[in-house]
Amino acid sequence: MTKGTLILSSLLTLSLLTGFTLFARSSTVQAQQRSGWQPFFQRIVSRSPLPRKRGGGRGDWEVVSPGAWTKQLWTLQPSLIWRVNPAPKQLFDRVEIAQLGSRTPLWSQTIQPNRNGTIPITLKLEPSKTYFVRFLKRNADLQKDEIVSAWEFQVMSIAQRQKVAEALDLLNKNLKPSELLQQRIEVFAKYELWSDAFQEIDRSTLSAIDRQTAIEHLLTQLKATEPTRNKN
């Protein structure tokens, strides 16, 4: 083997080792960031002073937003965020949102929720209004849709929304995206706006796997404190 070949081989080995080290370091940092969500959510959920309500859905699936874990909502254009349990037997086919007291849906969407998912709700909600979200399953025998789950949620008033908006505006915009995300979640947690906390995670710049991890950690923590809730 010539001297030049030995040098080239050494440089190639060094390059591979350096690349592996950087990849391992990056993976470690990402793992630390993901594991950091658990103590963060333990802290903000445990100190929440307001009564909570149960999550929405059935044994085979559950919706985490909107209005599933708390009745009030700050966001005017939320997304529907749901989770599907392993080997579900029954899922919903369609979701509708109507204003309370009306049978006519303001927004309706056919869905195939065979996995965890998110879809934007194109309806723009109005402050102080109360809405009704319902999940339907097609009954092939009766040739009609049947409601499998439903609940109410209310958009905060303009004055209430302004308080939250002011708290968000006071945050340091020069923070790292992950740090700013946590601070925004803390603002929503202060007012127990869990739907908005889920929305914030889902719309963040985190990677898909990190968003899913953060949502699962928050969901797990809310469930862990569920026995102490007012279940309405």
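A residue counts as buried here when its relative accessible area is under 20%. Arg94 sits at 18%, so Arg94 counts as buried. Keep that cut-off in mind as we look around strand 5 of this predicted model. Strand 5 covers residues 94-99, and 5 of its 6 residues are buried, so the rest of the structure largely encloses this strand.

**Who strand 5 pairs with**

- One partner is strand 6 (residues 107-110), which pairs with strand 5 in the antiparallel sense over 4 bridges.
- Strand 8 (residues 130-139) also runs antiparallel to strand 5, and 6 bridges join the two.
- Ile97 is a handy residue to find on screen: its bridge partner in strand 6 is Trp107, and its bridge partner in strand 8 is Val133.
- As a bit of background, side chains in a regular strand alternate between the two faces of the sheet.

**Salt bridge from the loop before strand 5**

- Asp93 and Lys137 bring their side chains together in a salt bridge, at 3.5 Å from N to O.
- Asp93 belongs to the loop between strand 4 (79-84) and strand 5, while Lys137 is in strand 8, so this pair links distant parts of the chain, 44 residues apart.
- Asp93 has 24% relative accessibility and counts as partly exposed.
- Lys137 is partly exposed too, with a relative accessible area of 26%.

**Salt bridges from strand 5 itself**

- Arg94 meets Asp145 in a salt bridge, with 2.2 Å from N to O.
- Since Arg94 lies in strand 5 and Asp145 in strand 9 (residues 144-155), that contact ties together parts 51 residues apart in sequence.
- Arg94 counts as buried, whereas Asp145, at 28% relative accessibility, is partly exposed.
- Glu96 has a salt bridge of its own with Arg134, where the closest N and O atoms are 2.8 Å apart.
- Here again distant parts of the chain are linked: Glu96 is in strand 5 and Arg134 in strand 8, 38 residues apart.
- Both Arg134 and Glu96 are buried.

**The wider picture**

- Arg94, Glu96, Arg134, Arg138 and Asp145 are linked in a network of salt bridges.
- Across the whole structure, a search turns up 10 salt bridges.

Technical notes:
Residues numbered from 1 in each chain as written. Predicted model: local features only at pLDDT ≥ 70, side-chain atom pairs only at ≥ 80, totals over all residues. Heavy atoms only, no water. Buried < 20%, exposed > 50% of the residue type's maximum accessible area, 1.4 Å probe, protein only. Pairing = 2+ DSSP bridges. Salt bridge = Lys/Arg side-chain N within 4 Å of Asp/Glu carboxyl O.
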